Amino acid sequence: MSARSRSFGAIAQAYERFRPGYPVDVYDMVTAYAARPIKTALEIGAGTGKATRLFAERGVAVTATEPDAAMLAELRKHVPAHVATVQAAFEELRPGERYDLVYAAAALHWTNPRNRWSRLAAMVEPGGVFASFGGPIEPADPAVADAVCAARSPFVERHDVPSPDGTPPEAEMQWPGTELQRSEWFTDVRQEVIERRLTLTADDYIGHLSTVSAYLVLPDAQREQVFAAIARVLPETVEITTDLTIHLARRCEP
Ligand SMILES: C[S@@+](CC[C@H](N)C(=O)[O-])C[C@H]1O[C@@H](n2cnc3c(N)ncnc32)[C@H](O)[C@@H]1O
């Protein structure tokens with residue numbers, strides 16, 4: 001696992017506080033796509049449980065898996081008691097039970113690409129659903145976005161995660177839809193976007209950045225410097241776009 005993928009546990013409580021949760025539209029989209037009841041789900045990289053709640057609070061028996069002990073401890077404070085938890089990275093999960101739904105929120109890109117799709121396929125019921133969703137959080141005003149970019153650039157070149165398979169941002173189908181389309185185990189691949197706009201105070205926007213791995217891996221002094229530089233260019237409130245891109249695919253029937 002890379003340093004960035006292992007960086008979240010140190011700020012588990014800030015993660016829970018500053019990262020936005022997932023809207024019910026995600027649940028609605030997944031269940032409409034499934035077109036059959038989703039009773040069981042396996043979540044990869046569940047973090048503090050923001051996407052765990054989305055399904056568990058609507059009656060799905062979720063098994064939340066997460067490699068970081070501190071993230072998992074935070075998760076247990078926020079999810080219904082019936083959620084099963086397993087401390088494990090995706091690569092450590094052994095095939096066994098199959099689920100109606102296997103999903104990952106803002107986490108799939110951290111998993112090892114080797115055998116990723118055959119391993120995932122082994123966890124989904126034939127005809128069941130795989131879903132991956134997430135998206136960047138950026139200032140909606142291009143002038144503010146440019147100012148933030150200039151302020152961070154001496155420390156952090158880019159704070160998003162580049163497409164794992166190099167798909168250019170303008171391509172119609174984005175990763176992981178691209179890989180799912182090429183995969184022999186999945187079919188009926190769809191990509192949907194849920195548009196979201198939020199208004200954050202400048203402090204909360206910095207709070208959000210304090211949970212982003214590109215900053216978490218900086219030495220403490222540099223992290224303080226970059227946040228101070230960004231704070232200087234922010235308006236009092238920051239309009240942000242936090243659109244979610246959802247990829248859905250169906251496990252092929254044998
Ligand atoms: C950006 S957080 C997303 C957390 C949560 N799913 C959410 O949407 O709020 C990424 C999570 O992936 C976890 N992670 C990193 N590498 C992983 C791996 N190889 N397998 C599973 N999870 C991993 C991290 O510990 C972290 O909790």
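Buried means under 20% relative accessible area. I keep that cut-off at hand for the rings below. The model is predicted.

**Entry: aromatic pairs**

I looked up the ring contacts. The structure holds ten aromatic pairs. One of them joins Phe 8 and Tyr 15. Their centres lie 6.0 Å apart, with 90° between the planes. I noted the pair as edge-to-face.

Are these two rings buried or exposed? Tyr 15 has 12% relative accessibility, so Tyr 15 counts as buried. Phe 8 is buried as well, at a relative accessible area of 14%.

**Entry: a tilted pair**

Next I checked Phe 55 and Tyr 103. Their ring centres are 4.6 Å apart. The planes meet at 45°, so I logged this pair as tilted. Which parts of the chain does the pair link? Phe 55 belongs to helix α3, residues 50-56. Tyr 103 belongs to strand β4, residues 99-105. The two residues are 48 residues apart, and the pair links distant parts of the chain.

I then looked up accessibility. Phe 55 comes out at 0%, so Phe 55 counts as buried. Tyr 103 is buried, also with a relative accessible area of 0%.

**Entry: the cluster**

I asked which residues form one aromatic cluster with Phe 55 and Tyr 103. They are Tyr 22, Tyr 27 and Phe 133.

**Entry: charges over rings**

Last, I looked at arginines. The charged end of Arg 119 sits over the ring of Phe 90, 4.9 Å from the ring centre. Arg 250 has its charged end over the ring of Tyr 33. Here I noted 4.3 Å to the centre of the ring.

Notes: Residues are numbered from 1 along each chain as its sequence is written. This is a predicted model: local features need pLDDT of at least 70, side-chain atom pairs count only at pLDDT 80 or more; totals for chains, interfaces and linings use all residues. Side-chain values use heavy atoms; hydrogens and water are left out. Rings of Phe, Tyr and Trp (its six-membered ring) pair if their centres lie within 6.5 Å; planes under 30 degrees apart count as stacked, over 60 as edge-to-face and the rest as tilted. Buried means under 20% relative accessible area, exposed over 50%, partly exposed in between (1.4 Å probe, protein chains only). Helices (H or I, at least four residues) and strands (E, at least two) are DSSP runs, numbered from the N terminus. A charge sits over a ring if NZ of Lys or CZ of Arg is within 6 Å of the ring centre and within 35 degrees of the ring normal.
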